[in-house]
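Subject: Structure for you to look at

Hello,

Here is the structure I said I would pass on. Please open it first, then read the notes below it.

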Amino acid sequence: MSEEIILRVSGASKSFGGIKAVNNVSFELAKGEIVGVIGPNGSGKTTLVNLITGFVKKDSGKVFFKNKDITKLPPHKIADLGIVRTFQVMRPYHSLPAYKNLIVPLYSPRVKRTSGGKLGDRNAVAIDILEEIGFERDAYVPYKLASSLPLGYLKRLELARCLALKPEIIMCDEVFSGLSMSEIVTAIPIMERLQMDGITLIMIEHRLRELFRLANRVIVMNFGEKIADGIPKEVMENKKVKEAYLGTEVI
Amino acid sequence: MESKARRKERLDRGIKVRTEGIYAISSLRELTYLLLPRLTLILGLLIVPLVLPSMYWQRVVCMMCIFALLALAFDFLAHYVGIVCLGGALFIGLGGYISGVLHSSFGLSPALTIPIGTFGGALISTLLLLPCLPIRGIYFAIVSLMYPLMLSRIIEALGLFGGTDGLAGLTTFPNIWVDQYLIIVVVLIALFALRRLTNEDFGLVLRGIKDNDQAVRASGMNITLYKAQALFIASAIGCFGGAYLTHLYGWVGLSLFGLDFSILPIAACALGGIGTLTGPILGAFILTPLSEMLRAFGPLRIVFYCLILVGFIVFKPEGLMNYFQRKYHQFERWIEV
């Protein structure tokens with residue numbers, strides 16, 4: 001794996017009222033890595049993604065993408081650079097069929113620029129992307145109205161919306177949660193393929209077993225602070241991590 | 001007595017599935033199925049001026065069409081972009097005053113003042129409303145309602161453009177037929193253009209903003225830019241109504257900023273069926289003549305008017321057009337459960 005640093009977060013902090021949702025978090029991402037972000041509920045994982053992607057303004061700290069300061073950019077400029085995210089609460093464009101949901105990212109300036117105006121028919125491209133991610137074209141799933149799709153497909157639609165942008169970094173906010181075991185089994189190869197394509201992945205996840213199959217590295221958060229960072233096995237042996245998940249031992 | 005639980009089942013007519021889906025339209029019957037509603041609307045609108053009994057009613061047609069344009073703009077913004085805009089009076093006032101002032105001060109002909117009024121007015125209203133675009137829902141509506149009040153007070157206080165008297169004696173259209181057909185054709189063009197637009201990729205982005213603006217931003221698109229473009233399109237439609245009104249009566253005055261132009265289009269949308277684009281036009285075509293006919297009741301006119309509206313909103317909240325469309329495309333039957 002190349003050691004090229006693609007994203008660097010230094011000292012990111014955000015308070016909501018008196019609560020420090022994210023407190024002085026720093027980490028680096030190498031190109032092509034899959035990094036898991038885990039932690040108990042309310043430990044600031046989603047807020048961290050919101051800070052990096054600009055959806056929430058940082059109180060302090062800086063974010064660098066390929067050594068370029070992107071701290072102050074608005075969300076659409078950050079997405080335009082290739083740092084895209086899924087949303088934990090999926091809200092597809094309900095009134096549109098699944099494949100039309102991808103027209104919006106395919107219409108974006110980033111895709112226009114990267115494809116050099118030679119994208120072709122957007123509808124066809126959209127259906128290709130969906131088929132790749134498991135929407136059975138033969139069963140007309142891509143043509144179904146987004147509001148009628150079951151959860152598993154919606155999660156994948158979120159991911160497809162990111163893929164349509166030809167991103168460099170994808171931040172997946174709990175793409176596995178709520179999925180059945182068989183759905184996850186189909187989703188894992190998709191993630192592995194993305195990594196092989198050179199896409200860097202940050203995965204917020206509660207399903208640790210599945211995450212550890214994928215992740216090269218895990219960052220553990222608790223009460224807004226980063227408490228551990230390393231390969232999955234080592235991290236789970238860490239005392240602080242055990243405490244965060246299981247509570248302090250009473251003697 | 002034994003009562004059985006029943007529910008209504010609705011099924012798409014086979015012909016609808018074929019004409020709308022991925023099948024080719026193969027027969028004349030299916031072609032007719034698609035074209036009939038459109039042709040009825042187009043021909044109906046074109047015939048209306050010919051069958052009307054008097055000059056008075058022909059003028060009512062002109063007003064109907066102005067309200068139809070405003071209702072169309074409201075429906076487009078509310079249902080396809082997610083902006084609730086009560087700026088009807090702003091559009092009419094700006095379009096009207098721009099073309100009126102250009103005509104009286106610089107002597108430009110209506111062939112120039114109407115386009116300038118339309119697009120200049122649209123540009124100004126977009127710029128005025130631009131700072132409020134990031135705020136959502138009812139707050140944007142309030143701001144868009146305030147601007148016409150503000151502008152009319154400025155004109156009144158400073159005595160600009162004839163002050164409270166307005167500007168009279170402007171050139172009118174050559175005859176009553178030009179009056180009617182000009183605006184009818186514009187209504188039809190606006191309707192079909194908007195329908196096309198909402199299914200184009202640009203329109204899909206706008207609908208995406210309505211459904212989930214955060215996801216559109218996460219796709220690397222500047223939503224304020226797209227909202228502003230949509231607002232420009234809608235206000236151009238409204239401003240044309242104002243510029244046309246100026247030359248219809250040869251007069252520009254403060255009543256162009258009247259509240260009617262903001263409120264009646266919403267009523268027309270509620271009556272006609274929001275989100276259908278055709279419905280609001282239908283609504284305007286019902287409400288405007290209705291309001292004229294109720295003049296016989298004198299002061300009670302508004303009471304009857306409101307009762308009819310309330311009745312419709314309570315008993316047919318989906319609106320006429322949604323109801324018609326359902327009847328046309330689906331059949332219903334009762335089944336026991």
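Which residue just after H8(A) takes a positive phi? That residue is Gly198(A), with a phi of about 90°. Keep in mind that this is a predicted model.

The helix before Gly198(A) is H8(A), which covers residues 181-196 of chain A. You can check the length of H8(A) yourself. The helix has 16 residues, so at 1.5 Å a residue it should span 22 Å. The C-alpha atoms at its ends are 23 Å apart, which agrees.

Next, look at which way the side chains of this helix are placed. Ala187(A), Met191(A) and Leu194(A) are buried. They lie on the same side of H8(A), because they cover an arc of only 55° around the axis. The buried residues of H8(A) pack against two elements of chain A, strand S8 (200-204) and helix H9 (208-214). On the face turned away from that buried side are the exposed residues Ser182(A), Val185(A), Pro189(A), Arg193(A) and Met196(A).

The other topic is the contact between the chains. Chain A puts 24 residues into it and chain B puts in 16 residues. On the chain A side, the elements that give two or more residues are helix H2 (75-81), strand S6 (83-85), helix H4 (103-106) and helix H5 (109-115). H2(A) gives the most, with four residues. Sorted by class, the side of chain A that touches chain B holds 13 nonpolar, four polar and seven charged residues.

Regards

Terms used:
Residues are numbered from 1 along each chain as its sequence is written. Chains are lettered from A and ligands numbered from 1 in the order in which they are written. This is a predicted model: local features need pLDDT of at least 70, side-chain atom pairs count only at pLDDT 80 or more; totals for chains, interfaces and linings use all residues. Two residues are in contact if their C-beta atoms, placed from the backbone, lie within 7 Å. Ala, Val, Leu, Ile, Met, Phe, Trp, Tyr, Cys and Pro count as nonpolar, Asp, Glu, Lys and Arg as charged, and the others, Gly among them, as polar. The expected span of a helix is 1.5 Å times one less than its number of residues. A residue is buried if 20 or more other C-beta atoms lie within 10 Å of its own, exposed if 12 or fewer, and partly exposed in between; C-beta atoms are placed from the backbone. The arc is that of the directions from the helix axis to the C-beta atoms.
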